[in-house]
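Trainee: I would like a close look at one part of this assembly, starting from a single aromatic side chain and following its surroundings outward. Please keep the reasoning explicit, as I want to set each step against the coordinates.

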Amino acid sequence: MDVSSTGIQEPFDLIRLSLSERVFVKLRGDREMTGILHAYDGHMNLILSDVEETIMIVSEGEQQATVNVAKRKMDMLFVRGDGVILVSPPSRT
Amino acid sequence: MLIFSVFKTLTDQQVTVELKNDLSITGVLKSVDQFLNIRLDNITVLDETRHPHMMAVKNCFIRGSVVRYVQLPAEHVDTQLLEDATRREAQTQTKR
């Protein structure tokens with residue numbers, strides 16, 4: 001394993017290398033958000049800025065379920081770690 | 001510990017706490033502890049018509065585990081300081 005080139009040894013290193021970059025966060029309760037990561041801890045508590053949250057509102061119809069999407073923006077946000085499902089670093093394309 | 005320190009620096013600032021039951025409470029952050037329990041003074045509830053039982057409540061203690069988000073005043077958060085402190089804490093975690 002070539003640790004020196006990536007600097008990644010354990011899972012949290014992936015998040016550490018995403019500090020001050022825009023990350024995608026998937027949360028419990030059909031919520032997702034992107035924001036610039038400024039802080040995290042071992043519980044995956046996060047502090048993000050310039051956040052755009054997307055809430056998927058699923059309503060079960062007679063024939064099929066419909067999904068409505070609500071979006072909102074927040075300046076600076078603390079996210080409690082127990083709601084976090086995954087944190088994804090920015091796509092480098 | 002890091003996030004606890006951040007909240008301590010934000011005491012006496014106005015914050016909005018969103019709970020897991022979708023209730024949003026805005027108030028002045030009076031104190032916080034290691035579990036991220038939060039005490040708010042002078043509170044208002046975002047959608048008061050939906051939560052009329054909250055109208056008479058002026059201050060409250062929120063158990064940390066029921067918090068989903070806390071909206072912070074961006075002008076009182078030093079992001080550069082946060083990132084440096086996070087890197088430092090991450091390093092001490094891996095050394096153990």
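Trainee: At what relative accessibility does Phe12(A) stand, and as what does Phe12(A) count?

Mentor: Bearing in mind that this is a predicted model, Phe12(A) has a relative accessibility of 27% and therefore counts as partly exposed, since that class begins where the buried one, under 20%, ends. Over all chains the structure holds two aromatic pairs, and in one of them Phe12(A) is stacked with Tyr40(A), the ring centres being 5.8 Å apart and the planes at 5 degrees to each other. Because Phe12(A) belongs to helix H2 of chain A and Tyr40(A) to strand E2 of chain A, this pair ties together parts that are 28 residues apart in sequence. Unlike its partly exposed partner, Tyr40(A) is buried, its relative accessible area being 6%.

The other pair is edge-to-face: Phe78(A) and Phe7(B) lie 5.0 Å centre to centre, with 80 degrees between the planes. Here the pairing crosses between chains, with Phe78(A) in strand E4 of chain A and Phe7(B) in helix H1 of chain B, and both of these rings are buried.

Let us return to helix H2 of chain A, residues 11–16, where Asp13(A) and Arg16(A) stand three residues apart, about one turn of the helix. They form a salt bridge in which the closest N and O atoms are 2.9 Å apart. In accessibility the partners fall into separate classes, because Asp13(A) is buried at 4%, while Arg16(A) is partly exposed at 25%. Beside this pairing there is a nonpolar surface patch of about 210 Å² to consider, made by Ile8(A), Leu14(A) and Leu17(A). Of these, Leu17(A) sits in the loop between H2 and strand E1 (22–27) of chain A, and its relative accessibility of 38% makes it partly exposed.

Strand E2 of chain A (residues 31–40), for its part, also supplies one end of a salt bridge between chains. Arg31(A) meets Asp22(B) there, at 3.2 Å from N to O, and Asp22(B) lies in the loop between strands E1 (14–19) and E2 (24–32) of chain B. Arg31(A) is buried at 8%, whereas Asp22(B), at 40%, is partly exposed. The count of salt bridges over all chains comes to 17.

Finally, the buried rings Phe78(A) and Phe7(B) reappear when one asks what surrounds Leu72(B), for, setting aside neighbours within four places in sequence, Leu72(B) contacts Ile47(A), Met76(A), Phe78(A), Phe7(B), Leu10(B), Val15(B) and Val77(B). In the largest nonpolar core, which has 30 residues, Leu72(B) and Leu40(B) touch the most other members. Elements that each supply at least two residues of this core include strand E4 (65–79) of chain A and helix H1 (2–9) of chain B, and H1(B) gives the largest share, five residues.

Conventions:
Residues are numbered from 1 along each chain as its sequence is written. Chains are lettered from A and ligands numbered from 1 in the order in which they are written. This is a predicted model: local features need pLDDT of at least 70, side-chain atom pairs count only at pLDDT 80 or more; totals for chains, interfaces and linings use all residues. Side-chain values use heavy atoms; hydrogens and water are left out. A salt bridge is a side-chain nitrogen of Lys or Arg within 4 Å of a carboxyl oxygen of Asp or Glu. Helices (H or I, at least four residues) and strands (E, at least two) are DSSP runs, numbered from the N terminus. Buried means under 20% relative accessible area, exposed over 50%, partly exposed in between (1.4 Å probe, protein chains only). Patches are made of residues with over 30% relative accessible area and no salt bridge: like charges are joined within 9 Å, nonpolar side chains (Val, Leu, Ile, Met, Phe, Trp, Tyr) within 5 Å. Accessible areas come from the Shrake-Rupley method with a 1.4 Å probe; for residues, only the protein chains shown count as cover. A nonpolar core is a set of buried Ala, Val, Leu, Ile, Met, Phe, Trp, Tyr and Cys residues joined through side-chain atoms within 4.5 Å. Contact means heavy atoms within 4.5 Å. Rings of Phe, Tyr and Trp (its six-membered ring) pair if their centres lie within 6.5 Å; planes under 30 degrees apart count as stacked, over 60 as edge-to-face and the rest as tilted.
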